[in-house]
Amino acid sequence: MRKQIAAANWKMNLSLEKAATLMTDLLASPIELSPNQEAVFGVPFPYLTSINQQIAGKKQFSLAAQNCSNKSSGAYTGEVSVEMLKSIHVPYVIIGHSERREYFNESNAVLAEKVNICFEAGLKPIFCCGEALQIREAGTQNSYVENQLKESLFHLTAGQLKGFVIAYEPIWAIGTGKTATSEQAQEMHAHIRNVLSAKYGSEVANSISILYGGSVKAANAKEIFGQPDVDGGLVGGASLIAAEFSAIINSLK
Ligand code: PGA
């Protein structure tokens, strides 16, 4: 059975104090996770160590960095390497979020390098893909997303992709309050799985967790996560509210 994941993406929000309070409130919330489910917290770099201490001993709670460098080490002022993340016991890295693609010009080729460097360090990428509004309106979202996967992932081996995590995040639904309908999410998730299946076979495709992201909240999580090819969510705004995010975690199927 593939993993179901509720992943928080705190983005560039919260002071250290507020981050600690949010995590304390979350840990005090009634959360039930079955053995194939995980709650992942994508927190800003400076808080990774302290949040890791807060979730210590919580087996199904894990950390994610929101980005990493495509370089391994050296004179890259301001960058954070995968070895640094590994040395502070961060298991996941969000790669290719649309905000990184848009504001920091991350191309499919650079993202392929980031995925590779994660694998070299033994970190698990959460690879983001998704189309902008004009692409959806032109009706070319399927080939657009397919191309993102091809250019950043298709050099990987089947073994590397087994159990991989992808987040489909239509840009028009991020932070806009406008969620894709559960049918739109399912349609794209099934497409992604078919594309992966055609290249790597159904066993690998069926092992990959495909998360939906874009205005997920407690009120819509159950319906979206209930779709057969939706294996959880990557959640921005609603992950900053303990009651919302705990309800979203409890909506995993
Ligand atoms: P949102 O963000 O839930 O605030 O729409 C999702 C994301 O960008 O990961």
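## Around the ligand and its pocket

Let's start at the ligand: 13 residues surround it, and K11, H97, E169, G175 and S215 are the closest. Keep in mind that this is a predicted model. Sorted by class, the shell around the ligand comes out as four nonpolar, seven polar and two charged residues.

Now zoom in on the oxygen atoms of the ligand. K11 has a polar side-chain atom 2.7 Å from a ligand oxygen, and E169 likewise places a polar side-chain atom 2.7 Å from an oxygen atom of the ligand. With G237 the contact comes from the backbone: an N or O atom there lies 2.8 Å from a ligand oxygen. How much of the ligand's accessible area does the protein cover? On its own the ligand has 280 Å² of accessible area, and the protein covers 95% of that.

Next, the space around it. Which pocket holds the ligand? The ligand sits in the second largest pocket, where about 240 Å³ of space is found. A set of 21 residues lines this second largest pocket, and nearest its centre are G175, S215, G236, G237 and A238. You've met G175 and S215 already, among the residues closest to the ligand, and G237 through its backbone contact. The lining of this pocket splits into seven nonpolar, 11 polar and three charged residues.

That leaves the largest pocket, so named for a volume of about 550 Å³. It is lined by 19 residues, and M12, Q66, E99, R100 and F104 are the closest to its centre. Which helix gives the most to this lining? Look at helix α4, residues 98-103: it contributes five residues to the lining of the largest pocket, the most of any element. By class, this lining is made up of 10 nonpolar, five polar and four charged residues.

Notes:
Residues are numbered from 1 along each chain as its sequence is written. This is a predicted model: local features need pLDDT of at least 70, side-chain atom pairs count only at pLDDT 80 or more; totals for chains, interfaces and linings use all residues. Side-chain values use heavy atoms; hydrogens and water are left out. A residue is near a molecule or strand if one of its heavy atoms lies within 4 Å of it. A polar contact is a pair of N or O atoms within 3.5 Å; within protein, one must be able to donate a hydrogen and the other to accept it, and residues adjacent in sequence count only if both atoms are side-chain atoms. Accessible areas come from the Shrake-Rupley method with a 1.4 Å probe; for residues, only the protein chains shown count as cover. On a 1 Å grid over the protein atoms alone, a cavity is a set of points where a 1.4 Å probe fits but cannot get out, and a pocket is an open set with protein on both sides within 12 Å along at least five of seven lines; lining residues have an atom within 4 Å of a point. A molecule sits in a cavity or pocket if more than half of its atoms lie within 2 Å of its grid points. Ala, Val, Leu, Ile, Met, Phe, Trp, Tyr, Cys and Pro count as nonpolar, Asp, Glu, Lys and Arg as charged, and the others, Gly among them, as polar. Grid points are joined across faces, edges and corners, and a volume is the space filled by probe spheres set on the points. Helices (H or I, at least four residues) and strands (E, at least two) are DSSP runs, numbered from the N terminus.
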